[in-house]
Amino acid sequence: MGPKAPSSLVKRRRFMQRMLSLGGAAAFASVPLTLAAAANRQVRGVRLSADAGKTRLVFDLDGPVRHSLFALAGPERLVIDVEDASLDGPVPATDASEVVRRIRKGTRHGNDLRVVLDLSRRVRARSFLLNPDGARGYRLVVDLQDPSDGPQRATPAGERLRDVVVAIDPGHGGRDPGATGKNGTHEKDVALAVGRRLAKLIDRQHGMRAVLIRKADRFVTLRQRVKRAHDARADIMVSLHANAFSDSRVGGASVYALSLRGASSEAARRLADRENAADLLGGVSLKDKDDLVASVLLDLAQTATIESSVEVGGHILRNMKRVAKVHKSRVQQAGFTVLKNPDIPSVLIEMAFITNPREEKRLRTGKYQQQLADSMVRGLRTYFAHRAPPGTVLSQQREQSLG
């Protein structure tokens, strides 16, 4: 468990909650989807329509949301979960639709909105989020059609699907060798070898693409690594390292995400330097924001990013347990600089203790390097099977599997 949230973070979160309770959510309408997870969204209304055998459910929102769909059989139902959102008004009548018999609403995990559609038969479901257009705000659209009607686009017309981008950051390099094992194995060499294997595996995955932060034995500063991941528009960053300790008997792998203390110090640095940064939060500049609004936006971004980092780190760690001894059984949190990109979930993987002779020997072998890379890509696949960003090939693939 990470350190207690600093008082400044607590104050900003309380301010944010007061703003939202007063209808201030519109002030954050330009925040990208990755910021939405930390916001309490209001569903202003739900509309149901049917035409030519197709049924459409539209959620009118006060901001962007994350959502998921899954189908249940016996009887047939479609479940729609909207993260950290509430619906105070009624659900629509179902007279217009032949396939939707009843609509029910409830809560899940205390903060998530759950809407259940009781269906007369099995359907193919598609969903997508629409950005504000004129007088209309954000809308979550769920389309239902018969499975025999063929595939339907999961994204608005004209929007091209993209691959999920994974930034792979082999630690150290060049004049910085990192830790060195008893037999002369350098951390920088092991990290690059595993990083190259991981990149090849990711590029073989449908809907995924790898970007190597460093491709050769070159020195790259920590801040440059973060910037390169940001410039590549990465959806996630994986930093590869090998641990070291004075006691050669200590061994095992660990996975780290950013700590709250690290997030607080990074927020202060970015606030101080925001005049020189045109693009801090996935396209949202802080340059024209006052201190309080900028602070809240950073807090929203970093809170959501840390939560996602811990989640993906957990998937990777569970898969690494199959091939490696684990030093820490849960995702750890620390203030590593390479984890401090506020809008990109990031994990740092300590693959083994290079100062442990047995683990050093394994790290040198291509077989073990491949096993490590395999376990990492399995963890990433599991994460993106549930959390693929909208507009990606993997998000459409997930929606099609629910049809």
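**Exercise 1. State which residue of E7 stands opposite Val79, and place the two strands in their sheet.**

Val79 stands opposite Val116 in E7. The model is a predicted one, in which local features need pLDDT of at least 70 and side-chain atom pairs count only at pLDDT 80 or more, while totals for chains, interfaces and linings use all residues. Residues are numbered from 1 along each chain as its sequence is written, and side-chain values use heavy atoms, with hydrogens and water left out.

Step 1. Strand E4 covers residues 77-82 and is joined to E7 by 6 bridges, the two running antiparallel. Strands (E, at least two residues) and helices (H or I, at least four) are DSSP runs numbered from the N terminus, and two strands pair if DSSP finds at least two bridges between them.

Step 2. The open sheet that holds this pair has 4 strands in the order E3-E4-E7-E6, with antiparallel pairing. Its edge strands are E3 (67-72) and E6, each of which pairs on one side only. From one strand to the next, the twist averages 20°; angles run from 0 to 180 degrees between N-to-C directions, and axes are lines fitted to C-alpha atoms, for helices over the stretch in contact.

Step 3. Strand E6 (residues 100-108) pairs with E7 in the antiparallel sense over 8 bridges, and in E7 the bridge partner of Arg108 is Asp112. E6 and E7 form a hairpin with 3 residues between them, and His109 in the turn has a positive phi of about 55°.

**Exercise 2. Locate Arg122 and describe its accessibility.**

Step 1. Arg122 lies in the loop between strand E7 (112-119) and E8.

Step 2. Its relative accessible area is 46%, so Arg122 is partly exposed; buried means under 20% relative accessible area, exposed over 50% and partly exposed in between, with a 1.4 Å probe and protein chains only.

Step 3. The C-alpha atoms of Arg122 and Val99 are separated by 8.5 Å, although the two are 23 residues apart along the chain.

**Exercise 3. Describe the sheet that contains E9, and then the surroundings of Arg139.**

Step 1. The order E5-E1-E2-E9-E8 describes an open sheet of 5 strands with mixed pairing. Strand E5 (85-86) and strand E8 (124-130) stand at the edges with a single partner strand each, so one side of each is left without a neighbour in the sheet.

Step 2. Strand E1 (residues 41-51) is joined to E5 by 2 bridges, and the two run parallel; here Gln42 stands opposite Ser86 in E5.

Step 3. Arg139 belongs to strand E9 (residues 139-145), and because its relative accessibility is 7%, Arg139 counts as buried.

Step 4. The side chain of Arg139 reaches the backbone oxygen of Asn131 at 2.9 Å, and that of Gly137 at 2.9 Å. Leaving aside residues up to four places away in sequence, Arg139 touches a set of residues that includes Arg47, Phe59, Asp60, Phe128 and Asp133, where contact means heavy atoms within 4.5 Å.

**Exercise 4. Work out how strand E13 is covered and which strands it pairs with.**

Step 1. Strand E13 (residues 254-258) is mostly covered, with 5 of its 5 residues buried.

Step 2. E13 is joined to strand E15 (residues 346-353) by 3 bridges, running antiparallel, and the bridge partner of Val255 in E15 is Ile349.

Step 3. E13 is also joined to strand E14 (residues 332-334) by 3 bridges, in this case running parallel, and Tyr256 stands opposite Gln332 in E14.

**Exercise 5. Describe the packing of H2 against H7.**

Step 1. Two packed helices are described by the angle between their axes and the distance between the axes.

Step 2. The axes of helix H2 (residues 187-204) and helix H7 (residues 366-387) come within 9 Å and cross at roughly 50°. The contact is made by residues including Ala193, Arg197 and Leu201 of H2 and Gln370, Ala373 and Val377 of H7.

Step 3. H2 and H7 are therefore oblique to each other; angles under 35 degrees count as roughly parallel, over 145 as roughly antiparallel, 65 to 115 as roughly perpendicular and the rest as oblique.

**Exercise 6. Summarise the protein as a whole.**

Step 1. The protein has 8 helices and 15 strands, and 52% of its 403 residues count as buried.

Step 2. Among contacts with a separation of 6 or more, 71% are accounted for by residues 24 or more positions apart.

Technical notes. Polar contact = N/O pair within 3.5 Å; in protein donor to acceptor, adjacent residues only side chain to side chain.
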